[in-house]
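These are my notebook entries on one chain, taken in the order in which I looked things up. I began with the overall layout and then turned to points of detail.

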Amino acid sequence: MKIAVTYENEQIFQHFGHCEAFKVYEVENSKVLSSQVVGTGGSGHEALAVFLKNLGVETLICGGIGGGARTALAQAGIELYPGASGNADEAVDALLKGNLAYDPDTMCNHHHEGGEHSCHGHGGSCSH
């Protein structure tokens with residue numbers, strides 16, 4: 001099984017659609033066999049779901065994510081754990097142990113051209 005995490009500086013990156021890299025973990029019998037950081041090549045939003053599916057990813061851990069990307073991931077058959085934060089390796093370990101802290105209702109509804117923003121699970125909104 002392959003698990004991907006939106007990734008930046010060892011942390012879970014908080015905006016799926018602007019993610020420039022994923023850390024992809026090869027897992028067997030609830031143990032990580034290997035991991036590698038894979039650049040997205042500038043793909044964004046819904047295109048990232050196809051990118052992950054082509055890598056063979058079955059599960060995604062991320063921070064904020066919009067509705068279109070959620071739909072694309074569902075259509076690609078990728079199980080989603082949104083609203084997570086913190087260290088990527090620790091999040092995968094927590095998922096494998098059945099105690100990952102995430103918010104299934106996390107949603108990012110705003111897209112900002114050229115501006116920085118972050119998406120948070122608390123309240124389900126994006127803020128500058």
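**Entries on strands, cores and cysteines**

I looked first at one bridge in the sheet: Lys23 has Val37 in strand 4 as its bridge partner. The model I am reading is predicted.

I then recorded the pairing around this bridge. Strands 3 and 4 run antiparallel to each other and share 8 bridges. Strand 3 also pairs with strand 1, again in the antiparallel sense, over 5 bridges. In that second pairing I noted Thr6, whose bridge partner in strand 3 is Phe22. I checked how far strand 3 is covered, and found 6 of its 8 residues buried.

*Overall layout.* I counted 3 helices and 8 strands in the chain. Along the sequence I read their order as β-β-β-β-α-β-α-β-α-β-β. The chain has 128 residues, of which 44% count as buried. For its surface I noted about 6,700 Å² exposed, with 45% of this supplied by carbon and sulfur atoms. I also took the contacts between residues at least 6 apart in sequence: 48% of them join residues at least 24 apart.

*Nonpolar cores.* Which residues have the most contacts inside the largest nonpolar core? I found Phe16, Phe22, Leu52, Leu60 and Leu73, in a core of 21 residues. Strand 3 (21-28), helix 1 (46-55) and helix 2 (67-75) each contribute at least two residues to this core. Helix 1 gives the largest share, with 4 residues. I followed Leu52 further. Setting aside neighbours within four places in sequence, I listed its contacts as Ala4, Phe16, Phe22, Val57, Leu60, Leu73 and Ile78. I also entered a second, separate core of 15 residues, which includes Val5, Tyr7, Tyr25 and Tyr81.

*Backbone angles.* I next looked up residues with positive phi. Asn9 is not a glycine, yet its phi is positive at about 50°. I located Asn9 in the loop between strand 1 (2-8) and strand 2 (11-12). Is Asn9 buried or exposed? With a relative accessibility of 67%, Asn9 counts as exposed.

Ser30 likewise is not a glycine and has a positive phi, of about 60°. I placed Ser30 in the loop between strand 3 and strand 4 (31-39). Its relative accessible area of 49% makes Ser30 partly exposed. I then returned to the hairpin of strand 3 and strand 4, which has 2 residues between the strands, and noted that Asn29 takes a positive phi near 50° there.

*Cysteines.* How many disulfides are there? I counted 0 disulfides. Why is Cys19 not bonded to another cysteine? The closest cysteine sulfur to that of Cys19 belongs to Cys62 and is 9.0 Å away, which is too far for a bond, because a disulfide needs the two sulfur atoms within 2.5 Å. I made the check from the other side as well: for Cys62, the closest cysteine sulfur is that of Cys19, at 9.0 Å. I noted the cover of each residue in turn. Cys19 is buried, at 2% relative accessible area. Cys62 is buried too, at 0%.

Notes: Residues are numbered from 1 along each chain as its sequence is written. This is a predicted model: local features need pLDDT of at least 70, side-chain atom pairs count only at pLDDT 80 or more; totals for chains, interfaces and linings use all residues. Side-chain values use heavy atoms; hydrogens and water are left out. Buried means under 20% relative accessible area, exposed over 50%, partly exposed in between (1.4 Å probe, protein chains only). Contact means heavy atoms within 4.5 Å. Accessible areas come from the Shrake-Rupley method with a 1.4 Å probe; for residues, only the protein chains shown count as cover. A nonpolar core is a set of buried Ala, Val, Leu, Ile, Met, Phe, Trp, Tyr and Cys residues joined through side-chain atoms within 4.5 Å. Two strands pair if DSSP finds at least two bridges between them.
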